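Reader: I'd like to go through this model with you, starting with the annotations and then moving on to the ligand and a few residues. Can we put it on screen?

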Amino acid sequence: MTMAGSPVRTEALFDVLDPATGEVCGRAPDCTGEQLDAAVAAAAGAWPAWRSDAAYRRRCLAEAAVVLRGAAGELAALLTMEQGKPLRESATEVARAAARFEYFAGLEYGPQVVEDGDEWRVEVHRRPFGPVAALVPWNLPLQLAAAKAVPALATGNTVVLKPSPHTPLATLELGRLLAGVFPPGVLNVVSGRADLGRLLVRHPGIRKVNFTGSTATGQSVAAAAAPDLKRLTLELGGNDAAIVLDDADVERVAEGVFAPAFANCGQLCLAIKRVYVPDALHDDLVAALAARAGQLTVGNGADPATGMGPVNNRAQFERVTGLVADALAHGARAAAGGHALDGPGTFHAPTVLDGLTDGVRVVDEEQFGPVLPVIRYRDTEDALARANNSPYGLAGSVWGTDLDRAASIAERMECGTAWVNAHIRMTFTEPFAGSKWSGLGVSGGEWSLHSHTEPFVVHRPKK
Ligand code: NAD
C-alpha cells in the first residue's frame, strides 16, 4: 500500500534490508510522481472538513493512541526488523508515538483576546495551512512520524508523511492502522526512493514542510521550499557536548553519559557525541565508560539479550568506520572497540576513543553511531568555548556536584536545550528547537500548535 487512506495503489516495490542480517526483510511501494500528486490531492480534498471540527479531531487523535497501543507488539517487531534497535527500545518508541497522539488529543486552544476595551474587541485566531509534508529519517521512524504528523493534524492540517527508504515498513503499517481512524485523505503515507522527498517538498499543493534529517539535506529542503515560500520546520543534526566538571563523581557521570551516547546505537540527534573531561578525572572516566562498552551485548535487536543493535544502513556504517579509522590515524586510542564486528549485518563495536582533540573529524562532525570521543581539558572556560565552537547547537549537558556552578555553565551553552547531570530528558510540553545549524523553527507543546498555524486577527467594534 502506498497511501494509507487514499485509493491509489502502486505495483512497483523496493527492497528493505534488515541491518542485522543484510537480507531483504520486506518490500515497500515505490511511489511515482503521479501517485504523489494523488496523495497531495487527497490531502487537499480532505482539508476543508478536517479543519472545521476541532472536537472531532481530538476524538480521532485519542482513538489513534488506542489503536497504536493495541498494535504495539506488531509495530515494535517491524521497527526492530528494519531499523535494528533492540525490541525494548522499539517498544518505547511505539509507546512514545502513541502518547503524543494522546497528549495532543487533550490540548485545546481557542482565540486569544489581545484587546477588549469599551470600543473594540481584537481576537487572534489560529488558521491551519493545508496539506503539510512530513519527512522523517531512519533513526526514530515512528516517534518522529508522530512528532511531525500529530501537531499538524491536531491544528486542522492534513498530512503527507514520508518515511526514510531505509525504514518505511513500520510507518506504512501505522498508516494502514490509522486509515480506520482518520477520514480518507487526512493522513497519507507515501514511501519511495531518493527522489520522492524532493518531489514532495517542491509540490505546489504542499503549504508547509516539516523535515527531520541531516543538516545537509535540510539546507536543500529549505532552498527547494523557498520559491513559493512554504512554511518550514527543520530539525537537523547535532554534535552535543557533555562537559564534566572537576567536582563530578566519575561513576555517576559514566552511568549518566553512557546511555545517551550509545542508545539506538548512537543514532540519535540528541546523543552525547563528545565528552570534555578535566585532566584529573580523564583516566578514571575513560576506564569507567570503556568498562560499560565492554559489557554491552551487540547483536540482533530481536534477541532479548541484545543491548545494542547494528548501525541502520551500509552508508552510515561506512561513515562510522571511516570516522574511527581517521581518528586512529590521528593518534586516538580505542579504550573500547575501535572496529567493526563480523557481519553479514552492519555491526560496530561500542567504541570509546581518547587521545584526540578538536580538529579531528570524529570530534568536529556528527558521527551518528556507537562511537564516543573523550577529550581532555585544563580550564573550564576553555572547555565551554570548545563545546560552543561548533556549527551545531542542538543540546548539551554539564555534569558536577555543585549544582549551581554546573547550572551557571549549562546556561552558557549555545544550543536549544541544556541539562545538568542528565542528557535527553524531555517532556511534550517544552519547546524543542536547535540553534545554529541544528534547526529552524520550534516544536513541542503549544509551540507546535503555533508552528502549524498562522495568526488571523479580527477587529470587532463593540457598537
Ligand atoms: P536524511 O537527511 O538523509 O533524510 C531525512 C529524510 O529526508 C528521509 O526521509 C529522506 O528520504 C529524505 N530526503 C533525502 N534527501 C532529500 C531531499 N533532497 N529532499 C527532500 N527529502 C529528502 O537524514 P537521515 O540520514 O535519514 O537521518 C539522520 C540525520 O537526522 C542525522 O543528522 C540526525 O542528527 C538527524 N536527526 C535530527 C533530529 C532532530 O530532531 N533534530 C532527530 C532525528 C534525527
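Author: Sure, and one note before the record comes up: UniProt positions are given in the numbering used here, feature names are shortened, and annotations may be inferred rather than shown by experiment. The model is predicted, and local features need pLDDT of at least 70, side-chain atom pairs count only at pLDDT 80 or more, while totals for chains, interfaces and linings use all residues. Residues are numbered from 1 along each chain as its sequence is written, and side-chain values use heavy atoms, with hydrogens and water left out.

Reader: Which residues does the UniProt annotation "domain: Aldehyde dehydrogenase" cover?

Author: That annotation comes from an unreviewed UniProt entry. Over the stretch in question, the chain is 42% helix and 21% strand, with the end C-alpha atoms 38 Å apart. Helices (H or I, at least four residues) and strands (E, at least two) are DSSP runs, numbered from the N terminus. The annotation covers residues 12–454.

Reader: Which residue does UniProt list for "active site"?

Author: The entry is again unreviewed. The residue it lists is Glu235.

Reader: Is Glu235 buried or exposed?

Author: Glu235 is found in strand 9 (residues 231–235). Buried means under 20% relative accessible area, exposed over 50%, and partly exposed in between (1.4 Å probe, protein chains only). Since the relative accessibility of Glu235 is 12%, it counts as buried.

Reader: Which side chain joins that of Glu235 in a polar contact of 3.4 Å?

Author: Leaving aside neighbours within four places in sequence, Glu235 is in contact (heavy atoms within 4.5 Å) with Lys148, Phe211, Thr212, Gly213, Phe432, Ser438 and Ser443. A polar contact is a pair of N or O atoms within 3.5 Å; within protein, one must be able to donate a hydrogen and the other to accept it, and residues adjacent in sequence count only if both atoms are side-chain atoms. The 3.4 Å polar contact joins the side chain of Glu235 to that of Lys148.

Reader: On to the ligand. How many residues surround the ligand?

Author: The closest are Val136, Lys162, Thr217, Leu236 and Glu366. A residue is near a molecule or strand if one of its heavy atoms lies within 4 Å of it. By type the shell divides into 15 nonpolar, 9 polar and 4 charged residues, where Ala, Val, Leu, Ile, Met, Phe, Trp, Tyr, Cys and Pro count as nonpolar, Asp, Glu, Lys and Arg as charged, and the others, Gly among them, as polar. The number surrounding the ligand is 28.

Reader: What share of the ligand's accessible area does the protein cover?

Author: Start with the polar pairs: an oxygen atom of the ligand is 2.7 Å from a polar backbone atom of Val136, and one is 2.8 Å from an N or O atom in the side chain of Thr217. A polar side-chain atom of Glu366 lies 2.6 Å from an oxygen atom of the ligand. Accessible areas come from the Shrake-Rupley method with a 1.4 Å probe, and for residues, only the protein chains shown count as cover. Of the 850 Å² that the ligand has on its own, the protein covers 88%.

Reader: Which elements give two or more residues to the shell around the ligand?

Author: One strand is on that list, strand 8 (208–212). The helices with it are helix 7 (195–202) and helix 8 (215–225).

Reader: Which backbone nitrogen lies 2.8 Å from a polar atom of the side chain of Asn388?

Author: Asn388 is found in helix 13 (residues 380–388) and is buried because its relative accessibility is 13%. Not counting residues up to four places away in sequence, it touches Arg412, Met413, Glu414 and Lys436. The backbone nitrogen in question belongs to Glu414.

Reader: What is the phi of Lys436 near?

Author: Lys436 is in strand 18 and is partly exposed, with a relative accessible area of 36%. Most residues other than glycine have a negative phi, and most peptide bonds are trans. Lys436 has a positive phi, near 50 degrees.

Reader: And what is the relative accessibility of Cys265?

Author: Cys265 sits in the loop between helix 9 (250–262) and strand 11. Its phi is positive, about 60 degrees, although it is not a glycine. It counts as buried because its relative accessibility is 2%.
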